[in-house]
Amino acid sequence: REEDAPPPLMYRVERPVFDEAYLHTQLLHPRERSPKTIRQRLAQHCSSERAKAIALSFLPILTWLPSYPVKEYLFGDLVSGLSTGVMQLPQGLAYAMLAAVPPVYGLYSSFYPVLLYTFFGTSRHISIGTFAVISLMIGGVVVREAPDSMFTIQALNGTATNTTVFIDTEARDARRVHVAVVLTTLVGVIQLVLGLLRFGFVAIYLTEPLVRGFTTAAAVHVFISQLKYLLGIQTPRFSGPLSALHSVTAVFSDITSTNVTTLIVGGVCMVVLYCVKDLNERFKKKLPVPIPGEIIVVMVSTGISYGLSLSENYQVDVVRTIPSGLLPPAIPDFSLLPNLVTDSIAIAVVGFSMGISLAKIFALKHGYSVDGNQELIALGLCNFVSSFSHTFAITCSMSRSLVQESTGGNTQIAGLLASMVVLLVVVAIGFVFQPLPQTALAAIIMVNLLGMFKQFRDIPALWRTSKIELVSLDQSTWCWMSSETCDSASLFQAAECTGIKIFHSNSSIYFANSDLYLNALKEKTGVDPVHLQAIRKARKRKLKKESAERESQNHKSPQKMRGGSQNHLEGQGNGQVAETHTESDSEETRFLEPLCPVHTLILDWTPVNFIDSVGAKAIKLVIKEYAAVDVCVFIAGCSRTLLAELRTLQFFTGVATPEMVFPTVHDAVLHSRRRTPRSHWQFEVTQTFYYIYTAQKNKGNT
């Protein structure tokens, strides 16, 4: 009824008129700091605590391995490591073809870097190793520096006038391996230097539309480059501008020489792989681990090739020689460096961008944080150190990372076990894959590109929301603004509302500063959702442990609880019930108490003039993060133009609603003070969960 409705909130402001002179002299808090002496500075920067912190940040394995929960994590890491390792074998062999080096070097690149990342990486779920886009970039450089024309040899056929031209493939492959190794060394140096100089922020300038557009275009190039292997056609490999067009022209001009057997084998492999991937996607919730379609294709095609002698009888190209064991370390030929600087910078930045973006996704999902600078250092060390053992540049693979995470991987131990699987193959059974048809590897590459081709769906969406991002224009030239955050401590008479934090930043929100904006938000407000999630998990573990201990104690003395006279039993029972109720109340208080004294964050967007799709996604993501720890996020001071942009970007869907936006900060504050820190339904759900949990754990007491 209307008479029962709460009265509307009233907004009244009454204060003196301020001018800048008054604000500067009366309200601004003076910041007078006495300068530190040299001794104090040395003590601050050279303390044992700081040295320990530096060591732990450089070797992240020292922070989690000593407290590794064996019973809880080992089985999941074991299953995940074996599943990822089985997947890494065929991909390593296949992506070596993209890098224009013999397949065995893909196995080397799937072992050394993965092993090193276990010690230096901060992501627990990404799978380091060969990746199609990076391998294609390497292959383009390798073919440019060591083309087939450099290794042609003319041989006489009986007479001086009749000669045959052929390519010295052994010398060509050796030269290409040298180029790939030197390129990898330089990529590692660049990534390592950028990481030490704290340049992890460079990835923010590679916007999501730009990266997705780049990988989609690269997928087209990769697909075209594999056509000749799928058809069994001998065509030269092209590099430089219009290389994809030249490759397609060469393939179709020689289409009549297609090897039918090669095409059949490759086509069957593609159909099998597609069906297996579709089954894995449809039944991913029911399957304990994904079906390893790639290793099945490799093993079956290798067996058929060996049994039917496809290479000799049907002229099907196979992998051929795979030397057993690891090659001894060697120093790269650094005379090639001057020609590779530009390419190495591009590979270094793209590789890091792909790695950190996927690492952040998994970190957010599982409630931990990754360090962008340390990830640069880790990738740099993986590439630089491994290059002395004949590897080519690596980054993380999306498909393998999804398998590693979905099969129960919890830490970098899963990656370590995957590298051991690759090592076993290289050392002991590498020769088994020598009859493997190259068309099967081409099929693996092509089917794995399907996910990238789905990114073509971004074009209609970006056309509707942001045509600027569609053509990947550099927005930093016209929307760059300084990022300053307002600190309440700078105002002498400013007072905070209990449980409410107001965040003000003099900047628009777009791809180049969205990460900086969110980091400043968490730092200035002191409310980090990742940290709060960790506290919540710790509370749950502690409650579970206490309940298990109490249940164990009750089971140890069943006779004592049942013995005695009837009067004694009743008295003891009443005492136990009362004691249990008291303990339950204490546990309930600890479990249901707020994770943080702050229940509301208000984003003051008065100075915000522009937001792009990357910024909008970042804000929606942080709203979801805070909602998971019972902290509401409101937005205040939006201009009508900015609201129109948000609606065009479809911002108000899911966790973000128009009810979260207020015309002024004061409106948002009044609304926040009226609401409770935790809504009634959230409290009821949590309370119900707690009572069910306690009842299940304390059946002996009730």
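A residue counts as buried when its relative accessible area is under 20%, as exposed when that figure is over 50%, and as partly exposed in between. Keep that in mind as you look around this structure, which is a predicted model.

**The whole chain**

Let's start with the big picture. The protein chain has 32 helices and 8 strands. Of its 702 residues, 44% count as buried. Looking at contacts with a separation of 6 or more, 85% come from residues 24 or more positions apart. The chain exposes about 37,000 Å², and carbon and sulfur atoms supply 62% of that area.

**Opposite charges**

Side chains of opposite charge can pair when their charged atoms come close. How many salt bridges does a search of the whole structure find? It turns up 10. Here are some of them:

| Pair | Closest N to O distance |
|---|---|
| Glu145 and Arg144 | 3.1 Å |
| Glu281 and Lys284 | 3.4 Å |
| Arg536 and Asp630 | 3.0 Å |

The pair of Arg536 and Asp630 links distant parts of the chain, 94 residues apart. Arg536 belongs to helix α26 (residues 529-556), while Asp630 is in the loop between α29 (613-627) and β7 (632-636). Is Asp630 buried or exposed? Its relative accessible area is 17%, so Asp630 is buried.

Now try the other two pairs. Glu145 has 18% relative accessibility, so Glu145 counts as buried too. Its partner Arg144 has 38%, which makes Arg144 partly exposed. Over in the pair with Glu281, Lys284 is exposed, because its relative accessible area is 51%. Salt bridges can also join up: Asp148, Arg172, Asp173 and Arg176 are linked in a network of them.

**Rings**

A pair of aromatic rings is described by the distance of the centres and the angle of the planes. The whole structure holds 9 aromatic pairs. Take Phe503 and Tyr517: their ring centres are 5.2 Å apart and their planes sit at 85°, so this pair is edge-to-face. These two link distant parts of the chain, with Phe503 in strand β5 (residues 500-504) and Tyr517 in helix α25 (residues 514-525), 14 residues apart. Both rings belong to buried residues: Phe503 has 3% relative accessibility, and Tyr517 has 2%.

Elsewhere, Trp64, Tyr68 and Tyr73 form one aromatic cluster. A charge can meet a ring as well, since Arg124 lies over the face of Tyr368, at 4.3 Å from the ring centre.

**A helix on the inside**

Why is helix α7 (residues 112-120) described as largely enclosed by the rest of the structure? It is because 7 of its 9 residues are buried. Those buried residues are Tyr112, Pro113, Val114, Leu116, Tyr117, Thr118 and Phe120.

**A nonpolar patch on the outside**

Finally, head for the surface. A nonpolar patch of about 670 Å² is made there by Leu279, Phe283, Ile291, Ile296, Val300, Ile304, Leu308 and Tyr314. Which helix gives the most to this patch? That's α14 (residues 293-308), with 4 residues. An α-helix has 3.6 residues a turn, so residues three or four places apart point the same way.

Another member of the patch, Leu279, is in helix α13 (residues 260-282). Leu279 counts as partly exposed, because its relative accessibility is 37%. That value also fits the patch rule, which asks for over 30% relative accessible area.

How values were computed:
Residues numbered from 1 in each chain as written. Predicted model: local features only at pLDDT ≥ 70, side-chain atom pairs only at ≥ 80, totals over all residues. Heavy atoms only, no water. Patch = residues over 30% accessible without salt bridge, like charges linked within 9 Å, V, L, I, M, F, W, Y side chains within 5 Å. Areas by Shrake-Rupley, 256 points an atom, 1.4 Å probe, with all protein chains shown as cover. Salt bridge = Lys/Arg side-chain N within 4 Å of Asp/Glu carboxyl O. Buried < 20%, exposed > 50% of the residue type's maximum accessible area, 1.4 Å probe, protein only. Contact = heavy atoms within 4.5 Å. Phe/Tyr/Trp six-rings, centres within 6.5 Å; stacked < 30°, edge-to-face > 60°. Lys NZ or Arg CZ within 6 Å of the ring centre and 35° of its normal.
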